[in-house]
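Let's walk through this structure together, one piece at a time. Have the viewer open and follow along.

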Amino acid sequence: MSSHTILILLGAFAASAVEAVEALTIVLGVGIVRGWRSTLIGAGLAGVVLAVLIAALGPALRVVPIETLRLVVGALLLAFGMQWLRKAILRAGGYKPMKDEDEAFRRQRELAAAAGQEERAGLDWYSFTVSFKGVLLEGLEVVFIVISFGSAQGRVGLAAAAAGAAVVLVVLAGVLARGPLERVPENSIKFAVGILLTSFGCFWGAEGAGVDWPGDEASLLAVIALLGAVSFLLVRALRRRRVAAVTAGAGA
Amino acid sequence: MRFVRSFALFWWNFVVGDDWRAALGLAVALGATYVLAHEGVNAWWLLPIGVVIVLVASVWREATID
């Protein structure tokens, strides 16, 4: 198994785990307050839609020439990965609040308790739609990562299996914990996945643009190291700036 | 019409996000790499440098807005 394949597996697994934690918070919040039947039907239907998207788009992309595919996928991964990385750096540097799954869970429960009762097609419509939308929206990012990672390397099945394994693991952990997984270090995972997505985007984008990387696959590791180092330096600089601002504010 | 607008907005947020300048910077860096590669220059170094510049500028702009 090449280093590329291992990194694709890790990236798909980690990204999927983070999104699954967020989706789990929504499903648990609604299910505990309003009951499980409609909530689980909504979550299950969204899961089916996401699986169909991967099954349909994955093979369809095989007809696109690999150079074109890598250029387009690389450009999308660059833009998308940069968003994850940027937010993770700002959170780690203290310039954006960390995501709080416990708080999100509490808010979800309050909203679920306050919502009116409406029944459609034998389902509690609030539970069904909130759970469906929550899983679908969190899952779309995973579908995008699985398809882009997998298609550019011809490994959609493997990337989908890694993402599926992460979802199963998170659901099992949620069932065992009987609550949201607030101890999962979401920002650290998003930080690492952001570096991976942006690095793959850079590597495939340049390759699709017609560039030959020196050292071929080894260049990807160098790009990951470069972006990792720059990201850590940025976090350090932001933390110092934050501390300086707080100290100056206290002294004033 | 509302569906088309929502669909376009979803993809804009999904790919571009809240810093369109960063997305534009990346597009320029990738475009320049494409042009140079097709002019016979193996500009493998251009995109990593462009990505680093865009990342630093985007993060710093957001941090200094506060």
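What follows looks at the contact between two chains, then at one helix, and then at one residue.

Keep in mind that this is a predicted model. Start where the chains meet: 25 residues of chain B are in contact with 29 residues of chain A. On the chain B side, the elements that give two or more residues are α1 (2-16), α2 (20-38) and α3 (46-65). Of these, α3(B) supplies the largest share, with 10 residues. If you sort the chain B side by class, you will find 18 nonpolar, 5 polar and 2 charged residues.

Since α3(B) gives the largest share of that side, let's stay with this helix. Does its length fit its residue count, and what span should we expect? At 1.5 Å a residue, the 20 residues of α3(B) should span 28 Å, and the end C-alpha atoms are indeed 28 Å apart, so the two values agree. Its buried residues are L46(B), L47(B), P48(B), G50(B), V51(B), V54(B), L55(B), S58(B), V59(B) and E62(B). A general point helps in reading such a list: an α-helix has 3.6 residues a turn, so residues three or four places apart point the same way.

Now move over to chain A and find I224(A), which sits in helix α8 (residues 217-251). Is I224(A) buried or exposed? It has 20 C-beta neighbours inside 10 Å, and therefore I224(A) counts as buried. Beyond its neighbours within four places in sequence, I224(A) is in contact with I195(A), L196(A) and S199(A). A192(A) is 32 residues from I224(A) in sequence, while their C-alpha atoms are 9.7 Å apart in space.

Notes
Residues are numbered from 1 along each chain as its sequence is written. Chains are lettered from A and ligands numbered from 1 in the order in which they are written. This is a predicted model: local features need pLDDT of at least 70, side-chain atom pairs count only at pLDDT 80 or more; totals for chains, interfaces and linings use all residues. Two residues are in contact if their C-beta atoms, placed from the backbone, lie within 7 Å. Helices (H or I, at least four residues) and strands (E, at least two) are DSSP runs, numbered from the N terminus. Ala, Val, Leu, Ile, Met, Phe, Trp, Tyr, Cys and Pro count as nonpolar, Asp, Glu, Lys and Arg as charged, and the others, Gly among them, as polar. The expected span of a helix is 1.5 Å times one less than its number of residues. A residue is buried if 20 or more other C-beta atoms lie within 10 Å of its own, exposed if 12 or fewer, and partly exposed in between; C-beta atoms are placed from the backbone.
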